Amino acid sequence: MRHAFLVEGMGDSKVLQDFIDVMDFSDAGFFIHWDKKYPLPSLSSKHAKIKFIEQSKVSWGGTSLSRVTLKLIKAAAIEKFDYYHLLSSQDFILC
């Protein structure tokens with residue numbers, strides 16, 4: 001099963017990198033929007049694909065966040081994943 005992780009991020013990327021390290025498998029893809037008010041983080045993975053979409057300024061809880069969510073879905077939908085997970089850069093899924 002292919003999993004797309006749609007990440008809305010800002011600030012520190014340590015939790016996100018830890019999450020990528022745990023979910024680093026070939027059928028995973030990370031589609032990341034990083035708030036333009038912060039520098040892009042340097043993220044790495046051995047197996048999973050990591051793709052950043054165009055940065056924009058986001059008002060958390062505003063309509064700009066909804067626009068970013070739709071852009072992430074569109075970016076991931078091109079590759080036909082089985083599951084789409086929307087999370088922030090500070091979320092960590094406990095298995």
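Q: Two strands pair if DSSP finds at least two bridges between them; which residue in β4 does Ala-4 stand opposite?
A: Ala-4 stands opposite Tyr-84, and strands (E, at least two residues) and helices (H or I, at least four) are DSSP runs, numbered from the N terminus. This is a predicted model, with residues numbered from 1 along each chain as its sequence is written. Local features need pLDDT of at least 70, side-chain atom pairs count only at pLDDT 80 or more, and totals for chains, interfaces and linings use all residues, while side-chain values use heavy atoms, leaving out hydrogens and water.

Q: OK, and how many bridges join β1 to β4?
A: Six bridges join β1 to β4 (residues 83-88), and the two strands run parallel. On β2 (residues 28-34), which also runs parallel to β1, there are seven bridges, and Leu-6 has Phe-31 as its bridge partner.

Q: Is β1 buried or exposed, then?
A: Seven of the seven residues of β1 are buried (under 20% relative accessible area with a 1.4 Å probe, protein chains only; exposed is over 50% and partly exposed in between), so β1 is largely enclosed by the rest of the structure.

Q: Switching topic, how many aromatic pairs are there?
A: A search of the whole structure finds six, counting rings of Phe, Tyr and Trp (its six-membered ring) with centres within 6.5 Å, where planes under 30 degrees apart are stacked, over 60 edge-to-face and the rest tilted. In one of them, Phe-5 and Phe-19 have ring centres 5.3 Å apart and planes at 85°, so the pair is edge-to-face.

Q: Which parts does that pair tie together?
A: Phe-5 lies in β1 (residues 3-9) and Phe-19 in helix α1 (residues 14-22), so the pair ties together parts that are 14 residues apart in sequence.

Conventions:
Pairing = 2+ DSSP bridges.
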